[in-house]
Protein chains: 2
Amino acid sequence: MRIKVGFQGVPGSYSEEALINYFGREVDMIAVREFEDVFSELDKNTIEYGVLPIENSSTGAIANVYDLLNRHDYYIVGEICIKVSHCLMGVKGAKIDDIEEVYSHPQGLEQCREYLSSHRDWKLIPYRNTAVSAEYVNEKGSKSLGAIASKRAAELYNLEILAENINMNDTNYTRFAIIGKEMDKSESPDKISIVISTEHKAGCLYNVLKYFAENNINLLKIESRPVAHTPWEYYFYIDYEGNLNDITVINATKEIERNSCYFKLLGNYKKHVDDIEDEGLLCKA
Amino acid sequence: MRIKVGFQGVPGSYSEEALINYFGREVDMIAVREFEDVFSELDKNTIEYGVLPIENSSTGAIANVYDLLNRHDYYIVGEICIKVSHCLMGVKGAKIDDIEEVYSHPQGLEQCREYLSSHRDWKLIPYRNTAVSAEYVNEKGSKSLGAIASKRAAELYNLEILAENINMNDTNYTRFAIIGKEMDKSESPDKISIVISTEHKAGCLYNVLKYFAENNINLLKIESRPVAHTPWEYYFYIDYEGNLNDITVINATKEIERNSCYFKLLGNYKKHVDDIEDEGLLCKA
């Protein structure tokens, strides 16, 4: 039986590309409409794993994916970064001058902000997904419509590339989390993700962070997200180095949990290090 | 001469409401298309101040506004929080069952996620601004189109309210920054915003944060945003309590600057405290 893996979007999306890079082509790929649907498919046992974009190196966190990871009880079991290179595309025969409306994911538009700022007359329409935008332009068939998506999406939806590599940063990567039902408890993971909140009144983020420094643990990232129903209170999503079989890491993690008023372990998994720099934020004390 | 103040959107937007709450009605209100245009109007001296949404209590930071504040050299001179209560609206005579497509700002859609999840057949179209969505539905005049925006937008664009207060949190606030050309150097500000990055290799966020604890300074918020062109390196946007005429605050700020590889003072301004809780994250050491 082949493994079933879910992703948001349609064929040609960057999520599908991440899925193929991580799992190879010998799996069943299940495309769903919204990020949340990846979690409902896991609930229904129709997939074993999901692939979700979590952060782009130019435009930052995919905030609602962070919220969903906290809300649902699955684990991050892996990650993969892929290089994102956007193209502007239109129907066959369209020219740049024909374009009036451009569809893409909000982060796609944002990543191409500099290019788009020289076409201020274009109406920019944020859309669900880059590849869905390409599919839409193909469906509508009008020369006045453009999409910003991958080269592969242009091929799949029979569109013509009007401008290539239009993102403002050459180093434009998106990091995807692989989620599954079981924690990886083996020795191979080297990265841990947790969510905490500190007490609102006597709360002390600093007092929690000190356990990383004291235990020589490298903090990789902090992301803050609002706590619903409590204005201006935050969840902190913290990534750090370590394996949960290591006694120092276990003890530091316990101290962090003890000093937080909310604590959730999101997973222990292997960091994806390709040719991308990925260093710590904290000195090892 | 009346003061000229810029905001993004059209009449009926929450930004305009924040502007009126902060400055009153006796100012000239200049509506611009994009957040960035607020900065170009300041550059051109066509406005003296700008009003920009910076954070929502349910859905978090308005990330590109953070990036713009860092990129441009203006100061935060004030802030104001307003309660955001969304309505679903359509053209006069439209019924809920007629709706097929719903337009709103991506955060508007996200804030109404629970309500919208019971209408999975609706096509959700993220749009530039909530009030622009209402204006668009009015222009198109079709009963199949809905917008999520404020009650005031419904009145202004002659739309019928189909469902009221559909955001999932009753406590749904948006915080707006007031930006201007000069730092407020008076004694009245009690909140400071800075952006820092710590060195990538030997970098130490913890070593910077300790100056807040050591000096008894209350840290209010940390937000991380990517550094362009350098994957997985971050700017930290830090809000803390204090006035820059106070010697302890001056010294702590200097230490933070000295220990950061990038430092920018975004402003010193009066915290908006209404009936909204707003406490520190850090214990006062």
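## A bridge between two strands

In this predicted model, Lys191(B) has Glu241(B) as its bridge partner in β14(B). The pair belongs to a longer arrangement, since strand β12 (residues 191-197) of chain B and strand β14 (residues 234-241) of chain B run antiparallel to each other and are joined over 6 bridges.

## The sheet and its helix

These two strands sit within an open sheet of 4 strands in chain B, arranged in the order β13-β14-β12-β15 with antiparallel pairing. At the edges lie β13 and β15 (262-269) of chain B, each of which pairs on one side only. On average, and with direction ignored, neighbouring strands of this sheet are turned by 15° against each other.

Helix α8 (residues 205-214) of chain B packs on the sheet, where it touches β12, β13 and β14 of chain B, and its direction makes about 10° with that of β14(B).

## Where chain B meets chain A

The contact between the chains involves 65 residues from chain B and 64 residues from chain A. The size of an interface is often given as the accessible area lost when the parts come together. Here chain B and chain A bury about 5,400 Å² between them, with 55% of it on carbon and sulfur atoms.

Between chain B and chain A there are 4 salt bridges, including one in which the side chains of Arg113(A) and Glu36(B) meet at 4.0 Å, N to O. The two chains also have 12 residue pairs in polar contact, counting pairs with both residues at pLDDT 80 or more. On the side of chain B that touches chain A, strand β13 (residues 219-226) of chain B gives the most, with 7 residues. The residues on that side of chain B divide into 29 nonpolar, 17 polar and 19 charged.

Note on methods: Residues numbered from 1 in each chain as written. Chains lettered and ligands numbered in written order. Predicted model: local features only at pLDDT ≥ 70, side-chain atom pairs only at ≥ 80, totals over all residues. Heavy atoms only, no water. Contact = heavy atoms within 4.5 Å. Buried area = accessible area lost by both parts, 1.4 Å probe. Polar contact = N/O pair within 3.5 Å; in protein donor to acceptor, adjacent residues only side chain to side chain. Nonpolar A, V, L, I, M, F, W, Y, C, P; charged D, E, K, R; others polar. Pairing = 2+ DSSP bridges. Axes fitted to C-alpha atoms, helices over the stretch in contact; angles between N-to-C directions.
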